[in-house]
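Got your viewer open and a hand on the selection tool? Let's take a walk through this one, stop by stop.

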Amino acid sequence: MMFKELECVDRIEISHDSFIEKDDRENSSDFHLELVEVLSPCYAVLNKLPCQLAPYDIVISRKFPRLAFFNKEPFSLRLVSLDFKRQAVLDMLTMANNGLVHDTFKDLDQAESYVHYTGLDKMICHEGLNFCQKIAEAGEDGYFVDYELSLACAGFLTELSRHYHAIVRLDSSRFPSSNVHYTNSMTRSGMIMNYLVANIQDVTLEKMATHFGYQPKYLSRLIRQLFDQTFSQLKTETRVSISKSLLELTTKSIEEISEIVGYPSVSNYYRAFKIATGLTPSEYRKMRREG
């Protein structure tokens with residue numbers, strides 16, 4: 001077990017090695033979990049998308065890829081690595097009834113997937129991690145401590161999944177690349193969003209259907225079922241969402257952003273953005289930077 005708080009001046013890179021103590025590099029466990037909890041505002045590039053992270057946001061993975069966190073002002077993060085020798089408790093309480101956890105962590109070789117949770121300002125998850133940390137740092141070892149930690153971690157993971165659709169940012173999460181046909185609806189929606197974000201310039205329903213091995217009509221019904229939107233509505237919403245991040249967090253020109261999100265015509269981009277937000281891209285950028 002490892003709990004480590006980092007005070008960062010302006011930038012830090014986090015990877016799998018950040019969660020492994022020097023003396024534990026050769027040790028293995030049945031269940032290994034890594035997460036970063038944001039303790040003060042900062043930024044990161046998640047799934048190739050610039051994101052602003054709020055206090056108590058959590059990024060969770062089996063094995064962290066290299067991710068950079070940064071800010072002009074000093075910020076702090078908490079790194080947590082949890083390892084359990086007895087997985088039965090987690091299987092029983094969490095993984096068996098938690099499709100998100102199961103799909104994210106079942107692939108032991110998956111080194112690129114992570115899930116970004118936001119809107120955790122009620123601090124239930126934060127206090128859950130505090131509780132886990134107190135148990136781990138009590139200086140005791142043995143079956144009962146391991147069992148108690150497993151229960152505490154199961155409660156923490158269950159709380160993360162309780163309001164999944166409200167707290168997971170699909171566009172800034174990177175879901176497992178396993179076969180979409182055999183995942184639960186939560187992970188399936190994330191994989192569809194990942195493909196949409198990665199191919200936003202020229203994505204079509206037919207191309208997406210071919211990628212996932214679906215018929216276009218079936219994929220259209222699936223998207224409506226998962227997102228309560230048509231494919232066209234979801235694509236437009238995603239383009240606007242990516243635009244907002246690029247307008248607020250980069251210095252790219254309006255013309256560059258228009259091309260990035262798949263609008264060769266800047267006038268069409270302006271029209272679509274204003275219909276969705278009530279503001280032009282320039283007005284949105286000015287509002288966010290001044291306010």
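Here is the tour, from the whole chain down to single side chains.

A word before clicking: this is a predicted model, where local features need pLDDT of at least 70, side-chain atom pairs count only at pLDDT 80 or more, and totals for chains, interfaces and linings use all residues. Residues are numbered from 1 along each chain as its sequence is written, and side-chain values use heavy atoms, with hydrogens and water left out.

**Whole chain**

Start with a cartoon view. The protein chain has twelve helices and nine strands (DSSP runs numbered from the N terminus: H or I of at least four residues for helices, E of at least two for strands). Of its 291 residues, 51% count as buried; buried means under 20% relative accessible area, exposed means over 50%, and partly exposed lies in between, using a 1.4 Å probe and protein chains only. Switch on the surface and you are looking at about 14900 Å² of accessible area, 49% of it belonging to carbon and sulfur atoms (Shrake-Rupley method, 1.4 Å probe; for residues, only the protein chains shown count as cover). Among contacts (heavy atoms within 4.5 Å) between residues at least 6 apart in sequence, 70% join residues at least 24 apart.

**The core**

Now select Ile58, Phe69 and Met208. These have the most contacts inside the largest nonpolar core, which has 80 residues. A core here is a set of buried Ala, Val, Leu, Ile, Met, Phe, Trp, Tyr and Cys residues joined through side-chain atoms within 4.5 Å. Which element gives the most to this core? That's α4, with seven residues.

Stay on Phe69 and show its surroundings. Leaving aside neighbours within four places in sequence, Phe69 touches residues including Ile12, Val36, Cys42, Leu53 and Leu77.

**Salt bridges**

Side chains of opposite charge can pair when their charged atoms come close. The count here is six salt bridges, each a side-chain nitrogen of Lys or Arg within 4 Å of a carboxyl oxygen of Asp or Glu.

Select Arg11, Glu13 and Arg66 together: they are linked in a network of salt bridges. The N to O distance is 3.6 Å for Arg11 and Glu13, and 3.3 Å for Arg66 and Glu13. That second pair links distant parts of the chain, with Arg66 in the loop between β6 (58-61) and β7 (67-70) and Glu13 in strand β2 (residues 11-14), 53 residues apart. Arg66 counts as exposed at 56% relative accessibility, while Arg11 is partly exposed at 49% and Glu13 is partly exposed at 40%.

Next, pick Arg78 and Glu37, which meet in a salt bridge at 2.8 Å, N to O. Arg78 sits in strand β8 (residues 75-84) and Glu37 in strand β3 (residues 31-38), 41 residues apart. Are they buried or exposed? Arg78 is buried at 5%, and Glu37 is buried at 0%.

**Cysteines**

Try the cysteines. How many disulfides turn up in the whole structure? Zero, by a cut-off of 2.5 Å between two cysteine sulfur atoms. Take Cys8: its closest cysteine sulfur is in Cys42, 7.9 Å away, so that is too far for a bond. Cys8 counts as buried at 6%, and Cys51 counts as buried at 1%.

**Last stop: a surface patch**

Finally, select Tyr143, Phe144, Tyr147 and Leu151, which make a nonpolar surface patch of about 440 Å². Patches are made of residues with over 30% relative accessible area and no salt bridge; like charges are joined within 9 Å, and nonpolar side chains (Val, Leu, Ile, Met, Phe, Trp, Tyr) within 5 Å. Tyr143 lies in helix α4 (residues 143-162) and is partly exposed, at 45%.
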